[in-house]
Structure formats: structure tokens, C-alpha cells
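Biologist: Please choose one spot in this model and take me through it slowly, then show me how it fits with the rest. I am just starting out, so plain words would help.

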Amino acid sequence: MLIAGFPAGAWGTNCYLVAPAAGEECVIIDPGHEATQGVEDTLAKHRLKPVAVILTHGHLDHVASVVPVCGAHDVPAWIHPRDRYMMSDPEKALGRSIGQQLLGELTIGEPDDVRELTDGAALGLAGLEFTVSHAPGHTKGSVTFRLPETSDIPSVFFSGDLLFAGSVGRTDLPGGAADELMESLARVCLPLDDSTVVLSGHGPQTTIGRERAANPYLGEAARGFGAGSPAPRRGL
């Protein structure tokens with residue numbers, strides 16, 4: 001399997017291109033702020049043909065390049081229905097103070113073909129099968145994507161802004177809720193094998209085992225929640 005990722009834009013949002021191998025079809029995950037050129041460079045480098053864009057949530061730092069990327073390659077974008085409005089109304093999603101700073105710089109709106117993700121769906125794209133888990137807390141429509149373990153690689157978990165190395169996503173923007181995020185950590189992350197590779201929306205790669213041992217929020221989720229609101233570390 002080929003997974004090529006790069007941080008894009010002002011928030012260093014990780015965009016991933018996933019394919020069975022070089023020279024084959026691929027899926028693009030979270031083409032965010034200023035990600036278009038990085039997507040095109042990665043496609044050319046690995047001789048990939050995109051078949052879809054899939055989105056972990058609707059914040060601008062994860063979807064800002066979805067219109068040009070989908071338009072250039074005539075592919076659909078997949079997003080959870082509770083975050084779909086964010087593509088057309090980012091100010092409502094981020095709050096006025098953040099949204100007003102960005103609206104003049106970005107292409108706002110939906111691509112021509114938008115499809116909606118559902119919890120538990122098995123999404124077959126580019127010869128791969130992504131398991132979708134609805135994981136609200138950072139936003140109401142946040143999701144994660146998981147690829148199964150194979151003979152040569154462990155399971156891979158695209159966590160979006162649910163789980164980071166050492167931290168979790170912020171919950172202080174519209175639609176965020178600390179209790180929902182903690183429940184999502186418990187329900188979605190804790191059952192995963194320790195060997196599962198975590199590729200998050202911001203920051204470095206980690207594993208579930210490493211986070212289970214050292215991430216205070218995942219530890220709190222394992223103990224049944226409790227403490228305070230998660231502290232934002234990266235991204236919007």
C-alpha cells in the first residue's frame with residue numbers, strides 16, 4: 001500500500017493520498033488550505049489517478065481545496081451530512097472572528113458531486129475498503145477512516161481532528177462538545193489494536209498503543225471521562 005502525506009497551508013493540515021501501489025487509483029483525504037499544488041505534485045510523483053476525495057470533517061483547514069481538486073479530476077467528495085453545510089458557510093462553522101479572516105482568500109462552495117458518509121459504512125474506493133466511524137466532538141459531523149491490517153502493514157487509522165499524538169481536537173468552535181469528543185475517543189479509538197497506525201489531521205504519526213499509554217485524554221476516556229474540556233493543540 002502507498003500512503004503519501006504532506007502538511008498544507010497556514011494550519012499545517014495533513015493531506016493524505018492513499019493507493020494500493022504507485023501507478024494506480026487513489027483516494028485523497030482532506031485537501032485543505034493551500035493543498036492543491038501538493039496534491040498535484042504527489043499525484044505526478046507516484047503516477048496516481050484520483051477517484052474520490054473523502055473528508056474527516058468540514059472545517060476550512062481540511063476542505064478549502066476540495067472544489068479545485070474535485071473539479072480538476074472530475075471526482076466526488078464524501079462528507080458526513082452534519083458537516084456538509086460548512087463547505088458553503090464556513091463562517092457559521094468557525095465563528096465570525098475566524099471566518100471573516102479567511103472568506104476573501106478561499107474558494108467557497110461545494111464540488112459538483114457531493115456524497116454523504118454514514119457511520120459504519122464500508123467505503124470501497126480505489127481497490128481499498130475504508131471503514132467509516134462517526135466521531136462527533138470536534139464537529140458534529142466528524143468521522144474517522146480505518147483501513148484493515150494486511151499481511152505487510154498494520155491497520156491504519158485516519159483520525160482527522162479527533163486524536164493527535166499526545167492530544168485531541170479542540171471543542172470550543174461551533175458544534176464542538178467535550179463530552180461528545182470523549183465518548184468518541186472511548187467508542188472509536190479504545191477498541192483499536194495497539195499496533196494501529198494513527199495518521200491524524202495535524203502533527204506526526206503515532207500508534208494507538210503509544211496514545212493509550214501516554215495521551216491523557218485517551219487515558220481519561222478509558223477511565224470513564226471526567227476531567228475538564230479538551231485543550232486545543234493544533235488546527236482549527
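Modeller: Let's start at glutamate 110, which is partly exposed because its relative accessible area is 31%, and partly exposed covers values between the 20% limit for buried and the 50% limit for exposed. Keep in mind as we go that this is a predicted model.

Who is the partner of glutamate 110? Side chains of opposite charge can pair when their charged atoms come close. Here, glutamate 110 forms a salt bridge with arginine 84, and the closest N and O atoms are 2.8 Å apart. This pair links distant parts of the chain. Arginine 84 sits in the loop between strand 5 and helix 4, while glutamate 110 sits in the loop between helix 5 (96-102) and strand 6 (114-116), 26 residues apart. Arginine 84 has a relative accessible area of 24%, so this residue is partly exposed too.

The whole structure has eight salt bridges, so let's visit two others. One joins the side chains of aspartate 113 and arginine 115, at 2.8 Å from N to O. Aspartate 113 is partly exposed at 28% relative accessibility, and arginine 115 is partly exposed at 38%. Another salt bridge brings together arginine 170 and aspartate 172, at 2.7 Å from N to O. In that pair, arginine 170 counts as buried because its relative accessibility is 17%, whereas aspartate 172 is exposed at 52%. Salt bridges can also share partners: Arg84, Glu110 and Glu116 are joined into one network in this way.

Now look at the loop between strand 5 (77-79) and helix 4 (90-94), where you will find aspartate 83. Aspartate 83 is buried yet has no salt bridge. The nearest side chain of opposite charge belongs to arginine 82, 6.8 Å away. What lies around aspartate 83 instead? Leaving out residues up to four places away in sequence, aspartate 83 touches His57, Gly58, Thr139, Lys140, Gly141 and Ser142. One of these neighbours, glycine 141, has its backbone nitrogen 2.9 Å from a polar atom of the aspartate 83 side chain.

Next come the aromatic rings. A pair of aromatic rings is described by the distance of the centres and the angle of the planes. The structure holds three aromatic pairs. Phenylalanine 130 and phenylalanine 145 form an edge-to-face pair, with 6.4 Å between the centres and 80 degrees between the planes. The pair connects distant parts of the chain, with phenylalanine 130 in strand 8 (residues 128-134) and phenylalanine 145 in strand 9 (residues 143-147), 15 residues apart. Phenylalanine 130 is buried because its relative accessible area is 0%, and phenylalanine 145 is also buried, at 0%.

Phenylalanine 130 pairs with phenylalanine 158 as well, in a tilted arrangement: 6.5 Å centre to centre and 50 degrees between the planes. That second pair again links distant parts of the chain, because phenylalanine 158 belongs to strand 10 (residues 156-160), 28 residues from phenylalanine 130. Both phenylalanine 130 and phenylalanine 158 are buried. Together, Tyr16, Phe130, Phe145 and Phe158 form one aromatic cluster.

Tyr16 takes us to strand 2 (residues 13-19), where seven of the seven residues are buried. Is one face of strand 2 covered, or both? Both are. Thr13, Cys15, Leu17 and Ala19 are buried on one side, and Asn14, Tyr16 and Val18 are buried on the other.

Strand 2 also has partners. Strand 1 (residues 2-8) runs antiparallel to strand 2 and is joined to it by seven bridges. Strand 3 (residues 25-29) is antiparallel to strand 2 as well, with three bridges. Valine 18 is a handy landmark: isoleucine 3 stands opposite valine 18, and in strand 3 the bridge partner of valine 18 is valine 27. The hairpin of strands 1 and 2 has four residues between the strands, and glycine 9 takes a positive phi near 75 degrees. In the hairpin of strands 2 and 3, with five residues between the strands, glycine 23 takes a positive phi near 80 degrees.

Finally, step back to see the whole protein. There are eight helices and 14 strands, and 56% of the 236 residues count as buried. Among contacts with a separation of 6 or more, 64% are between residues 24 or more positions apart.

Methods: Residues numbered from 1 in each chain as written. Predicted model: local features only at pLDDT ≥ 70, side-chain atom pairs only at ≥ 80, totals over all residues. Heavy atoms only, no water. Buried < 20%, exposed > 50% of the residue type's maximum accessible area, 1.4 Å probe, protein only. Helix = DSSP H or I, 4+ residues; strand = E, 2+ residues; numbered from the N terminus. Pairing = 2+ DSSP bridges. Lys, Arg positive; Asp, Glu negative; His and termini not counted. Salt bridge = Lys/Arg side-chain N within 4 Å of Asp/Glu carboxyl O. Polar contact = N/O pair within 3.5 Å; in protein donor to acceptor, adjacent residues only side chain to side chain. Contact = heavy atoms within 4.5 Å. Phe/Tyr/Trp six-rings, centres within 6.5 Å; stacked < 30°, edge-to-face > 60°.
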